[in-house]
Amino acid sequence: MDFVEVIQAYCIVFSIPVYVNQGNFMQADELNLVTRSQQGDMAAFNLLVERYQAQVFGVAARILGNPTSAEDVSQETFVSAYKALKSFRGGNLRAWLLRIASNLCYDYLRASKRRPEQSLDAAMEANPSFGPAMSESYDPEKLALQSELRSEIQKALMTLPADQRSIMVLVDVEGFGYDEAADSLGVAVGTVKSRLFRAREKVREYLLKKPELLPSKFSHQ
Amino acid sequence: MKITMSIFSRHTKFRELLSAYVDGQVSEREAVAMESHLASCAACQAELDSLRMTVSMLRALPRPSTARSFRLVAPPAPAPRMSPVWTWSLRAAAPAAAVLLLALVITDALGVGSPARADLRVSSSAEMTVAQEASQQDAAAPSGQEEIAASSLAEAIDAGEEAVGGEQEIARAMTLQGTPEAGSEDTEMTVAGGLAVDGTPEGEFVDGAITGKALVDDSEFAEPGVTAIEAGDDGGFPYLPLEIAAAALLIVLVAALAYRSGPRRWRPR
């Protein structure tokens, strides 16, 4: 083992973030997996797939509004990532993967040339495999209200242009920071701010049409 | 009015900052200004509250999940890639082949390198008729060797047509030099194609330049209006094979470039 490998092994053992380049930090174990994947280690790459597949699918499903299409896009994301892994120079792997996924979503939306199906929440209700995490209250009325509200929120998302929708999904749904969202989408932070502002305005206006579903404090005059 | 517009524009500016303020993405100065404005503007305060509620509802959305795994089973086949040297060579060679083909076609059309072909182009039977009349006027005095200018007709009826008789057949353009009288030693005939001359000195095929007057019996013409001289083996620059080769090369290069490009796919940086 050379000196670099010794340092890497030390970092892996103690899960110390490793400075990669451009000021971005990567977990040492992830760096090791990426390096092995770049050398053709399929098992190492599949470990990375397992780490990020839920998030990639979730983002794709919210952008496309269709879980079946989201599965196809997610699979293609990881295939494309594997082929392009040699061009990955380190940094935020999650942002890199989601960039691939969002661009594939745009390609899918352009190719389909139709409004995406607004059936995500209906599909989630009908198919347990697409269901949400089981953290809901067991009050049926509350559940129904929540389900309808979620459906309306997804419909509101689908009224947005694809670029505003993807930013809203990353920042508001997935909890990304502005910098990471900008990195994921290949845009400037200022663009994230302006698109997010417009997206939130539109979603808020859409939801105000269903006041019965909203908390009383939501609407204002 | 100015004050109203100023208040309105400040209010609009604060509204635009609300979204970033919710996420803590404003500068310290902007945050202080925002808080000061919110303390005195109920409308902006209410809008901030509804904006926070919108964001919290979005954050509460459950992440869709699937039981399907996206692990790769087998390594995907790598896309065939041509080396950069080949790619750039193709990109340079294709336009060069196009230019070469164009140059060959243009020089061929202008007759460069084939002066005989350029000289002997015949455009219409009317020109031949005029030439025939002109040559008939000169038919009385055979004056030995004459040369037909580049733009003249391929055939001219000489006074010695009588010696030639009506049995001439002209498959291609021919010229007669001198007096086509039977037995004349000066008579010289150059024939490009089949010609049967009755009672005249044997034709002498001259490779290359054609000189003299062409002897034509227009009644014998199968196609009087047709160009008497056709492009053929005139001994000039071989344009046609080169043009075909250049066109074939261009097609191959374009096809190779198209194959190399393939369908456009997004490549992550």
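Is E71(A) buried or exposed? The model is predicted, and the exercises below work through it from this residue outward.

**Exercise 1. Classify E71(A) and describe its salt bridge.**

Solution.
- Step 1: E71(A) has a relative accessibility of 13%. Buried means under 20%, so E71(A) counts as buried.
- Step 2: The side chain of E71(A) meets that of R68(B) in a salt bridge, with 3.7 Å from N to O.
- Step 3: This pair crosses between chains: R68(B) sits in the loop between α3 (42-59) and α4 of chain B, and E71(A) in helix α4 of chain A.
- Step 4: R68(B) has a relative accessible area of 33% and is partly exposed. The bridge therefore pairs a partly exposed arginine with a buried glutamate.

**Exercise 2. Find which parts the salt bridge of R59(B) and D172(A) joins, and classify both residues.**

Solution.
- Step 1: The side chains of R59(B) and D172(A) meet at 3.9 Å, N to O.
- Step 2: R59(B) belongs to helix α3 of chain B and D172(A) to helix α8 (residues 162-173) of chain A, so two chains are joined by the pair.
- Step 3: The relative accessible area is 42% for R59(B), which is partly exposed, and 0% for D172(A), which is buried.

**Exercise 3. State which residues are networked with R204(A) and E205(A).**

Solution.
- Step 1: R204(A) and E205(A) form a salt bridge through their side chains, 3.9 Å from N to O.
- Step 2: R204(A) is buried at 2% relative accessibility, whereas E205(A) is partly exposed at 42%.
- Step 3: Through shared partners, salt bridges link E201(A), R204(A), E205(A), R15(B) and E47(B) in one network.
- Step 4: Over all chains, the whole structure holds 19 salt bridges.

**Exercise 4. Lay out the fold of chain A and place S74(A) in it.**

Solution.
- Step 1: Chain A contains 10 helices and two strands. Their order along the sequence is α-β-β-α-α-α-α-α-α-α-α-α.
- Step 2: Of its 221 residues, 49% count as buried. The chain exposes about 10,500 Å², of which carbon and sulfur atoms supply 54%.
- Step 3: Taking contacts in chain A between residues at least 6 apart in sequence, 61% join residues at least 24 apart.
- Step 4: S74(A) falls in helix α4 (residues 67-84) of chain A. Its relative accessible area is 0%, so S74(A) is buried.
- Step 5: With neighbours within four places in sequence left aside, the contacts of S74(A) are V56(A), F57(A), A60(A) and F70(B).
- Step 6: Two of these names recur in an aromatic cluster, which is formed by F57(A), F78(A) and F70(B).

**Exercise 5. Describe the largest nonpolar core and the surroundings of F45(A).**

Solution.
- Step 1: The largest nonpolar core has 74 residues, and F45(A), L93(A), W96(A), L97(A) and M168(A) have the most contacts inside it.
- Step 2: Helix α3 (residues 42-64) of chain A gives this core its largest share, 13 residues.
- Step 3: A second, separate core of 10 residues includes A97(B), L101(B), L250(B) and L253(B).
- Step 4: F45(A) is buried at 3% relative accessibility. Not counting residues up to four places away in sequence, F45(A) touches S37(A), F78(A), A81(A), Y82(A), L85(A) and L72(B).

**Exercise 6. Assign a geometry to two aromatic pairs.**

Solution.
- Step 1: The count of aromatic pairs over all chains is four.
- Step 2: For F45(A) and Y82(A), the centres are 5.0 Å apart and the planes make 70 degrees, an edge-to-face pair.
- Step 3: F45(A) lies in helix α3 and Y82(A) in helix α4 of chain A, so the pair ties together parts 37 residues apart in sequence. Y82(A) is buried, at 14% relative accessibility.
- Step 4: The ring centres of F88(A) and W96(A) are 4.9 Å apart with planes at 45 degrees, so this pair is tilted. F88(A) is buried at 6% relative accessibility, and W96(A) is buried at 7%.

**Exercise 7. Locate a nonpolar surface patch on chain B.**

Solution.
- Step 1: L102(B), I106(B), L110(B) and V112(B) make a nonpolar surface patch of about 390 Å².
- Step 2: I106(B) lies in helix α4 (residues 84-110) of chain B and is partly exposed, with a relative accessible area of 44%.

Notes. Residues numbered from 1 in each chain as written. Chains lettered and ligands numbered in written order. Predicted model: local features only at pLDDT ≥ 70, side-chain atom pairs only at ≥ 80, totals over all residues. Heavy atoms only, no water. Helix = DSSP H or I, 4+ residues; strand = E, 2+ residues; numbered from the N terminus. Buried < 20%, exposed > 50% of the residue type's maximum accessible area, 1.4 Å probe, protein only. Contact = heavy atoms within 4.5 Å. Areas by Shrake-Rupley, 256 points an atom, 1.4 Å probe, with all protein chains shown as cover. Patch = residues over 30% accessible without salt bridge, like charges linked within 9 Å, V, L, I, M, F, W, Y side chains within 5 Å. Salt bridge = Lys/Arg side-chain N within 4 Å of Asp/Glu carboxyl O. Core = buried A, V, L, I, M, F, W, Y, C linked by side-chain atoms within 4.5 Å. Phe/Tyr/Trp six-rings, centres within 6.5 Å; stacked < 30°, edge-to-face > 60°.
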